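Colleague: I have a few questions about this model. Please keep the answers short and end each on the value or name I ask for.

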Amino acid sequence: MQFSPHHGVLFTFYRENINPSRGFVSGGNPVVLTLSSGATNWSVLSNHTAYCRFGERMVESVSMSWAGTGTNISCIAPHQEYSRNVSVEVSLNGVDWTANQMQFYYQSFPAVTNALPPNGPMAGGTTVTLYGTHFETPM
């Protein structure tokens, strides 16, 4: 995606990395987007506020820094109503967005409904099986 945020200077961002690529539906965790950039004048780029869009929800970045050959943009993941993958895009003006299709997965909180057996010896060593909902791959 190309941006012309200031005095006709053109910036091009290319997808690189999103870390972490998943979080809970409550949001609130920091996410760092690393983008390679065609920007040649970091001082002009650094004077702008970046925005991140998680699906339909836009948030202002908390920081933007030069990372050697690209740009690190940090945003706080907003909440979502349910578990799902969303596209994460970046903007320097809140209007023109990248189209890199970086994915962030929102997962529900796990809930334990039963544990069997319910007890075991004080010395330990008993295998316990947990039952519940929303058990997913560890973050």
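Colleague: Is S61 buried or exposed?

Modeller: This is a predicted model. S61 sits in the loop between β6 and β7 (63-66). Its relative accessibility is 14%. The cut-off for buried is under 20%, so S61 counts as buried.

Colleague: Which residues is S61 in contact with, leaving aside its neighbours within four places in sequence?

Modeller: S61 lies in a loop, between β6 and β7. With those neighbours set aside, the list for S61 is A50, Y51, I73, S74 and C75.

Colleague: What is the C-alpha separation of V59 and I76?

Modeller: V59 belongs to strand β6. V59 is buried, at 17% relative accessible area. Beyond four places in sequence, V59 is in contact with Y51, C52, F54, C75, I76 and P78. V59 and I76 are 17 residues apart along the chain, and their C-alpha atoms are separated by 7.3 Å.

Colleague: In what order do the strands of the open sheet run?

Modeller: The sheet has five strands, and the pairing is mixed. β3 (22-24) and β6 (57-60) stand at its edges. Each has a single partner strand, so one side of each lacks a neighbour in the sheet. The order is β3-β10-β9-β5-β6.

Colleague: What is the average twist from one strand to the next?

Modeller: The sheet in question is the open one, with five strands and mixed pairing. From one strand to the next, the twist averages 30°.

Colleague: How many bridges join β9 to β10?

Modeller: β9 covers residues 84-91 and β10 covers residues 102-107. The two run antiparallel. One of the pairs is N85 with Y105 in β10. The number of bridges joining β9 to β10 is five.

Colleague: Which residue of β9 is the bridge partner of F54?

Modeller: Strand β5 (residues 51-54) runs antiparallel to β9, with four bridges between them. The β9 residue that stands opposite M102 in β10 is V88. The partner of F54 is also V88.

Colleague: How many residues of β9 are buried?

Modeller: In the sheet order, β9 stands between β10 and β5. β9 is largely enclosed by the rest of the structure. Of its eight residues, the number buried is six.

Colleague: How many salt bridges does a search of the whole structure find?

Modeller: One is between the side chains of R84 and E56. Another is formed by E81 with R57. The search of the whole structure finds two.

Colleague: How far apart along the chain are R84 and E56?

Modeller: Their side chains meet at 3.1 Å, N to O. R84 is buried, with a relative accessible area of 19%, whereas E56 is exposed at 62%. R84 is in strand β9 and E56 is in the loop between β5 and β6. This pair links distant parts of the chain, at a spacing of 28 residues.

Colleague: Where is E81, the residue that pairs with R57?

Modeller: The closest N and O atoms of E81 and R57 are 2.4 Å apart. E81 is exposed at 54% relative accessibility, while R57 is partly exposed at 26%. The two are 24 residues apart, with R57 in strand β6. E81 is in the loop between β8 (70-76) and β9.

Colleague: What accessible area do the residues of the nonpolar surface patch have together?

Modeller: The patch is formed by V112, V128, L130 and F135. V112 is found in strand β11 (residues 111-116). V112 has a relative accessible area of 53%, over the 50% cut-off, and therefore counts as exposed. Together the four patch residues have about 370 Å².

Colleague: What share of the protein's exposed area comes from carbon and sulfur atoms?

Modeller: Of the 139 residues in the protein, 35% are buried. The protein exposes about 7,900 Å². The share supplied by carbon and sulfur atoms is 52%.

Colleague: What percentage of contacts with a separation of 6 or more joins residues 24 or more positions apart?

Modeller: The protein has one helix and 12 strands. From the N terminus, its elements run β-β-β-β-α-β-β-β-β-β-β-β-β. Among contacts with a separation of 6 or more, residues 24 or more positions apart account for 54%.

Definitions and conventions
Residues numbered from 1 in each chain as written. Predicted model: local features only at pLDDT ≥ 70, side-chain atom pairs only at ≥ 80, totals over all residues. Heavy atoms only, no water. Pairing = 2+ DSSP bridges. Axes fitted to C-alpha atoms, helices over the stretch in contact; angles between N-to-C directions. Patch = residues over 30% accessible without salt bridge, like charges linked within 9 Å, V, L, I, M, F, W, Y side chains within 5 Å. Areas by Shrake-Rupley, 256 points an atom, 1.4 Å probe, with all protein chains shown as cover. Buried < 20%, exposed > 50% of the residue type's maximum accessible area, 1.4 Å probe, protein only. Contact = heavy atoms within 4.5 Å.
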